[in-house]
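Hi everyone, and thanks for coming. I'd like to walk you through a structure that may be new to you, so let's put it up on the screen and take a look together.

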Amino acid sequence: MTESIIVSEHLVKHYDKKRAIDDLSLTIKKGHVTAILGSNGAGKSTFFRMITGIVRPDSGTLSVLGENAGWHTNAKIAYLPDRARWYNNYTAEQSFDLAARLLLGFDKSEAIRFAELMRLPLDLKVDGMSKGQEARLMLILCIARNVPLVVLDEPFSGIDAASRERIMEALIDAISEKEQTLLISTHEIHEAEGLFDDVIFFQNGHVLLSGEAEELRRKYGSIDTLSRKLSD
């Protein structure tokens, strides 16, 4: 039986009068790549922030890595938020040096390997990077960490096709070598769905549909096709 790494039960989170997360109960399997999909405002980013301990639930329970989610579990999670930024005056290599001092499990040699794979110059400062280059840097700072859980919120958002291709190459390379659990939210489903083991569709803060990716592909043709059907 596959072990669970995240379990939520009747999770609720309000922002003013809006329920961002509404009685959410789900289980995420350890060692799997799980896609959390849905339209903007479906609750995906709020759920990710709750997993990382940045946002606390109003009610319900959330277990991450066998403990209640909070700052004590945050150190074991590599989190890429949907609007990630880094320090403008740092080069890529200086960023890796800082990450090695601050981030649990960060491997600079692996980060350099990913930078070469993604064609990111080590001597380039962040304030001189294109949006795609900065997105690659932020992703490397996550996937070069040896931690049990990686959470990526829209890693392809606003990124050019060439950068998306290099990001996908790096992700495939990273997950093939490590026994990590990966959560990913993306609207670029057609490019990323080959990574997915499991898929959970959110709507209005709760689970609309979930299942194993291969089973959903057999039934609907592709995860991208299913996503379009659910959004109609």
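Which residues lie nearest the centre of the largest pocket? They are D82, R83, D153, E154 and S157, out of 28 residues that line this pocket. Before I go on, please keep in mind that this is a predicted model.

Let me stay with the largest pocket for a moment. Its volume is about 630 Å³. The elements that give two or more residues to its lining are β2, residues 18-29, then α1, residues 44-51, and also α5. If you sort the lining by class, you get 10 nonpolar, 8 polar and 10 charged residues.

Now for the second largest pocket, which has a volume of about 460 Å³. Here the lining is made of 20 residues, and those that lie nearest the centre are Y79, P81, W86, L103 and R145. Two or more lining residues come from each of α2 (71-74), β6 (77-80), α3 (92-102) and α5. What is the make-up of this lining by class? There are 17 nonpolar residues, 1 polar residue and 2 charged ones.

Since α5 has come up for both pockets, let's pick out one residue in it. R136 sits in helix α5. Is R136 buried or exposed? The cut-off for buried is under 20% relative accessible area, and R136 has 5% relative accessibility, so it counts as buried. Setting aside neighbours within four places in sequence, R136 is in contact with M118, R119, S163, R166 and I167.

Some of those names belong to our next stop, helix α6. S163, R166 and I167 are among the buried residues of α6, together with R164, M168, A170, L171 and A174. What covers them? The cover includes α4 (108-117), α5 (131-143), β7 (149-153) and α7 (189-192). As for its length, α6 has 17 residues and reaches 25 Å from its first C-alpha to its last, close to the 24 Å expected at 1.5 Å a residue.

Helix α6 also takes us to a closed space. How many cavities of 30 Å³ or more does the count give? The count comes to 1, and about 50 Å³ of space lies in the largest cavity. Its lining consists of I143, V150, L171, A174, I175, Q180, T181 and L182. Two or more of these lining residues come from α6 (161-177) and from β8 (181-185). With 3 residues, α6 gives the most. By class, the lining of this cavity has 6 nonpolar and 2 polar residues, and no charged ones.

That brings us to β8. Why is β8 described as largely enclosed by the rest of the structure? Because 5 of its 5 residues are buried. In a regular strand, side chains alternate between the two faces of the sheet. In β8, T181, L183 and S185 are on one side, L182 and I184 are on the other, and all of them are buried, so to speak of both faces as covered is fair.

And who are the neighbours of β8? Strand β3, residues 33-37, is joined to β8 by 3 bridges, and the two run parallel. Within that pairing, T34 stands opposite L183. On β7, 5 bridges make the link to β8, again in parallel. One bridge pair there is D153 with S185 in β8, and you may remember D153 as one of the residues that lie nearest the centre of the largest pocket.

Let's finish with another sheet. This one is open, has 4 strands with antiparallel pairing, and follows the order β2-β1-β4-β5. The edges are β2 and β5 (67-68), each with a single partner strand, so one side of each is left without a neighbour in the sheet. Between β1 and β2 there are 8 bridges in the antiparallel sense, and S8 stands opposite L26 in β2.

One last residue: H14, which lies in strand β1, residues 4-15. H14 is partly exposed, with a relative accessible area of 31%. Not counting residues up to four places away in sequence, H14 touches R19 and D58. How far apart are H14 and D97? In sequence they are 83 residues apart, and in space 39 Å, C-alpha to C-alpha.

Thanks for listening, everyone!

How values were computed:
Residues numbered from 1 in each chain as written. Predicted model: local features only at pLDDT ≥ 70, side-chain atom pairs only at ≥ 80, totals over all residues. Heavy atoms only, no water. 1 Å grid on protein atoms, 1.4 Å probe; cavity = no way out; pocket = protein on both sides within 12 Å on 5 of 7 lines; lining within 4 Å. Points joined across faces, edges and corners; volume = space filled by probe spheres on them. Nonpolar A, V, L, I, M, F, W, Y, C, P; charged D, E, K, R; others polar. Expected span 1.5 Å × (residues − 1). Buried < 20%, exposed > 50% of the residue type's maximum accessible area, 1.4 Å probe, protein only. Contact = heavy atoms within 4.5 Å. Pairing = 2+ DSSP bridges.
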